[in-house]
Amino acid sequence: MAKTATPSAVQAFTIQLIVSRFNPETDEESRWESFDVEVFSTDRVLDALHKIKWEQDGSLTFRRSCAHGVCGSDAMRINGRNRLACKTLIKDLDITKPIYVEAIKGLPLEKDLIVDMEPFFAAYREVKPFLIANSKPEKGKERLQSIENREIFDDTTKCILCAACTTSCPVFWTDGQYFGPAAIVNAHRFIFDSRDDSAKERLEILNDKEGVWRCRTTFNCSEACPRGIQVTQAISEVKAAVLRGRP
Ligand code: SF4
Ligand code: FES
């Protein structure tokens, strides 16, 4: 009888995770705390944070929900780069050195890795991120759209509102009033939708001094986006539409 291969055991190893901690009740500012964590090569940074929380320090505070790159709640700075903890495999990082984890920048720090997302969502709401149509579809019919028209805004439909782009933007760090890349991405999604009738209104909103013209095209946003959205390109397309006064 032919022998069947047995899968080799997955080896565990220890990494050093240095996490930025902040307790608003006792700390004036954030401080680094080091943890040694035993992980597997298949683990993600989110798994390591869970291990710390469940086995070493239950007070460690961070957001997460889906754990699979869908909900956008666990964006954080990992080794100085904005990423989703649930999409960052530990084996893809340099584990010969400590791994630094801290909250995303530019939004008010609430506790440990959690920031107040309200200013981010306020900017998102301002661009009216929903379909506004003046006419009703024919009775019993859907609003039709060609494949070509749908493709124009396909990329920006992928946003999961994780804020990795906005909080990697140096303009947003220095001017918290700037709408930020994510709000512009979500405006783009409707500005270029052939079924929508409020593109002009959104373009006027984004022609504000805190709108698209604050973008300095540093590409941090495109590099940070875990969904691979070409954020800088979307902002450029909105800028061109503002100049034209139409999509
Ligand atoms: S554009 Fe990308 S980085 Fe920005 S909020 Fe959406 S998914 Fe996150
Ligand atoms: S936990 Fe939902 S995207 Fe990471």
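This report walks through the overall build of one protein chain, then its sheet, its domains and a few individual residues.

**Overall picture**

Please keep in mind while reading that this is a predicted model. The protein chain contains eight helices and seven strands. Along its principal axes, the C-alpha trace spans about 65 × 60 × 30 Å. Of the 247 residues in the protein chain, 37% are buried. Sequence-distant partners feature in the contacts too: among those between residues at least 6 apart in sequence, 66% join residues at least 24 apart.

**The five-stranded sheet**

A good place to begin is the open sheet, in which five strands follow the order S2-S1-S5-S3-S4 with mixed pairing. Strand S2 (31-40) and S4 are the edge strands, each pairing on one side only. On average, neighbouring strands of this sheet are turned by 35 degrees against each other, direction ignored.

As background, strands of a sheet pair through backbone hydrogen bonds, either parallel or antiparallel. Both senses can be found here, as the table shows for three of the pairs.

| Strand pair | Sense | Bridges | A facing pair of residues |
|---|---|---|---|
| S1 and S2 | antiparallel | 10 bridges | Phe13 and Val39 |
| S1 and S5 | parallel | three bridges | Leu17 and Ile99 |
| S3 and S5 | antiparallel | two bridges | Ile78 and Val101 |

If you would like to find these pairs in the viewer, strand S1 covers residues 12-21 and strand S5 covers residues 99-102. Within the S1 and S2 pair, Phe13 has Val39 in S2 as its bridge partner. Leu17 stands opposite Ile99 in S5, and Val101 in S5 is the bridge partner of Ile78.

Which helix packs on the sheet, and which strands does it touch? That is helix H1 (residues 45-56), which touches S1, S2, strand S3 (75-78) and S5. The direction of H1 makes about 105 degrees with that of S2.

**Two domains and their contact**

The domain assignment divides the protein chain into domain 1 (13-115) and domain 2 (118-244). Their C-alpha centres lie 29 Å apart. How many residues does each domain bring to the contact? Domain 1 gives 13 residues and domain 2 gives 14 residues. On the side of domain 1 that touches domain 2, strand S4 (residues 81-84) provides the largest share, with three residues. By class, that side of domain 1 has six nonpolar, four polar and three charged residues. S4 thus appears twice in this account, as an edge strand of the sheet and as a contributor to the domain contact.

**Helix H2, a helix with two sides**

Helix H2 (residues 118-126) makes a nice example to turn around on screen. Phe120, Ala123 and Tyr124 are buried in H2. Why do these residues share a side of the helix? They lie on the same side of H2 because they cover an arc of only 105 degrees around the axis. In general, an α-helix has 3.6 residues a turn, so residues three or four places apart point the same way. On the other side of H2, Glu118, Ala122 and Arg125 are exposed. The buried residues of H2 pack against helix H5 (181-191). Just after H2, Lys128 takes a positive phi of about 55 degrees.

**Two charged residues in later helices**

Lys200 and Glu237 are worth a closer look. Lys200 lies in helix H6 (residues 199-206), while Glu237 lies in helix H8 (residues 231-244). Is each of them buried, exposed or partly exposed? Lys200 counts as partly exposed because it has 13 C-beta neighbours inside 10 Å. Glu237 has 21 such neighbours inside 10 Å, and therefore counts as buried; the cut-off for a buried residue is 20 or more.

Distances to residues in domain 1 help to place both of them. Lys200 and Ile114 are 86 residues apart in sequence, and their C-alpha atoms are 36 Å apart in space. For Glu237 and Leu109, the separation is 128 residues in sequence and 32 Å in space, again C-alpha to C-alpha.

Key: Residues numbered from 1 in each chain as written. Chains lettered and ligands numbered in written order. Predicted model: local features only at pLDDT ≥ 70, side-chain atom pairs only at ≥ 80, totals over all residues. Buried ≥ 20, exposed ≤ 12 C-beta atoms within 10 Å, placed from the backbone. Helix = DSSP H or I, 4+ residues; strand = E, 2+ residues; numbered from the N terminus. Arc of directions from axis to C-beta. Contact = placed C-beta atoms within 7 Å. Domains from an automatic or database assignment. Nonpolar A, V, L, I, M, F, W, Y, C, P; charged D, E, K, R; others polar. Pairing = 2+ DSSP bridges. Axes fitted to C-alpha atoms, helices over the stretch in contact; angles between N-to-C directions.
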